[in-house]
Structure formats: C-alpha cells, structure tokens
Amino acid sequence: MIRLLGIDPGLRFTGWGVIEVDGNRLRHVADGVLATEGDAPVPSRLRVLHDGLIALIETHRPAEAAVEETYVNRNGASTLKLGYARGVALLAPALAGLPVAEYGAMAVKRAVVGTGAATKDQVEMMVRRLLPGASIRRADASDALAVAICHAHHRATAAHVAQGRRMA
C-alpha cells in the first residue's frame, strides 16, 4: 500500500488530497484546501502555502506527491502568481524528500473521467465514485484528489511496463 498526496496549486486556494493505493484499490484518506488572505502580500501568502503543505506532509506521511501543471491564461499577472503557488507546491514535498510528479489538466481529466474535455462537475462526480466517503467541500480539493488518482493510475501502468506485463 502506498499513500499519495495530490495538489491543485492556487495562490488564493490550494487544494490537497491524500489517497492510499493498494493494487487497483483506491481509498480516500483526507482532503481540503489551504486558503490565503487575498489582500496579504504575496510572500506572506506563499509562506502560508508552504507551511500548510509541510504540516500536511508531516501529518499524513505520503510516499509521493503529484502536482497539477499550470495553464497559461490571458492575464499575465495572474498566471505569474499561479506560477509562484505552483513553485511552492513543487518545492514543499521535494524538501520533505518526496518524489514529485506533474500532470497537465487534460491528463488528469483523461485518467479520472476518460476524456480530456471533461467538465469540473464530471471530474468531481467521478472522484466521488472512485473514492466513496470523500467529503469534498470545494472544487479545489476535488481537483487535488483527481491529481492523486491520475498519479496512482500512471504509477500502476509504469509498474506493469517495468515488469514486462501486458496491459489488458
């Protein structure tokens, strides 16, 4: 059994989700959102995210982490700030000694729903089906759990390939 941490980075809200994987079985452990004050200076907000992620890692002891890649939007300043949050989301688990994987939004949607064009509602519905008992309160937490599920699927595929087994 392995414990995975999924992170959906954002400067205002960073979603997180922890799952356990045993073969092809997934189990929800915890999920939530790290929130920062919108009027606080960016360095203070980044510290809140860093400290929160470190505390989550110490509490839940994941073996690996996965972070959703940033998409570029029309507002350059917003994209840059999202990049800051993503940097913290990559750095915190790396500083804790965890391997960190990265997945684009379309790869996450494909792994969870079966299509890269899935809506947020479809992703959340599938996350709830795959992880019964998950009490998802915000879309950011659902997205983070989806990132963790995506990583679990990619790990399973890589393990099959490494063992020379054919995927059905």
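This is a short talk on the strands, helices, cores and salt bridges of one predicted model.

Hi everyone, thanks for coming. Please keep in mind throughout that we are looking at a predicted model.

Let's start with the sheet. Take strand E1, where six of the seven residues are buried, so that the strand is mostly covered. On one side, E1 pairs with E2: the two run antiparallel and are joined by seven bridges. If you want a landmark there, find Ile7, which sits opposite Trp16 of E2. The connection between E1 and E2 is a hairpin of four residues. E1 also pairs with E4, this time in parallel, through four bridges. Here Leu4 has Glu64 in E4 as its bridge partner.

Moving along, E2 goes on to pair with strand E3, residues 25-35. That pairing is antiparallel and has 10 bridges. Phe13 stands opposite Ala35 of E3. This hairpin has two residues between its strands, and Gly23 has a positive phi there, near 65°.

Now, what packs against what? The largest nonpolar core has 24 residues. The members that touch the most others are Ile19, Val21, Leu26, Val127, Leu131, Leu145 and Ile149. At least two residues of this core come from each of these elements: strands E1, E2 and E5, and helices H3, H4 and H5. Which of them gives the largest share? That would be H5, with eight residues.

Leu145 is a good residue to click on. Beyond its sequence neighbours within four places, Leu145 contacts Gly17, Val18 and Ile19, then His28, Ala30 and Asp31, and also Val127, Leu131, Ala134 and Ile136. There is also a second core, separate from this one, with 19 residues, among them Leu46, Ile57, Ala65 and Leu98.

Next, helix H2. H2 has 20 residues and spans 28 Å from first C-alpha to last, close to the 28 Å expected at 1.5 Å a residue. Its buried residues are Thr79, Leu82, Ala85, Arg86, Val88, Ala89, Ala92 and Pro93. As a reminder, an α-helix has 3.6 residues a turn, so residues three or four places apart point the same way. And what covers the buried residues of H2? The cover includes E1, H1, E4 and E5. Have a look at both ends of the helix too. At the start of H2, Asn75 places a side-chain oxygen within 3.0 Å of the backbone nitrogen of Ala77. After H2 comes Gly97, with a positive phi near 85°.

While we are on backbone angles, there is a non-glycine case to show you. Arg61 has a positive phi, near 50°. Most residues other than glycine have a negative phi. Arg61 lies in the loop between helix H1 and strand E4. Is Arg61 buried or exposed? Its relative accessibility is 61%, so Arg61 counts as exposed.

Last topic: charges. The model has eight salt bridges, and I'll walk you through a few. Glu20 pairs with Arg27, with the closest N and O atoms 2.7 Å apart. Glu20 is buried, at a relative accessible area of 12%, while Arg27 is partly exposed at 44%.

Over in strand E5, Glu102 forms a salt bridge with Arg86, at 2.1 Å from N to O. This pair ties together distant parts of the chain, since Glu102 is in E5 and Arg86 is in helix H2, 16 residues apart. In this pair the carboxylate residue Glu102 is partly exposed, with a relative accessible area of 40%, and Arg86 is buried at 14%.

The third one is Asp143 with Lys120, whose closest N and O atoms are 2.4 Å apart. These two also link distant parts of the chain: Asp143 belongs to helix H5 and Lys120 to helix H4, with their positions 23 residues apart in the numbering. Asp143 has a relative accessibility of 10%, so this residue counts as buried. Finally, Arg3, Glu20 and Arg27 form one network, joined by salt bridges that share partners.

That's my tour. Happy to rotate the model for anyone who wants another look!

Notes
Residues numbered from 1 in each chain as written. Predicted model: local features only at pLDDT ≥ 70, side-chain atom pairs only at ≥ 80, totals over all residues. Heavy atoms only, no water. Core = buried A, V, L, I, M, F, W, Y, C linked by side-chain atoms within 4.5 Å. Buried < 20%, exposed > 50% of the residue type's maximum accessible area, 1.4 Å probe, protein only. Contact = heavy atoms within 4.5 Å. Salt bridge = Lys/Arg side-chain N within 4 Å of Asp/Glu carboxyl O. Expected span 1.5 Å × (residues − 1). Polar contact = N/O pair within 3.5 Å; in protein donor to acceptor, adjacent residues only side chain to side chain. Pairing = 2+ DSSP bridges.
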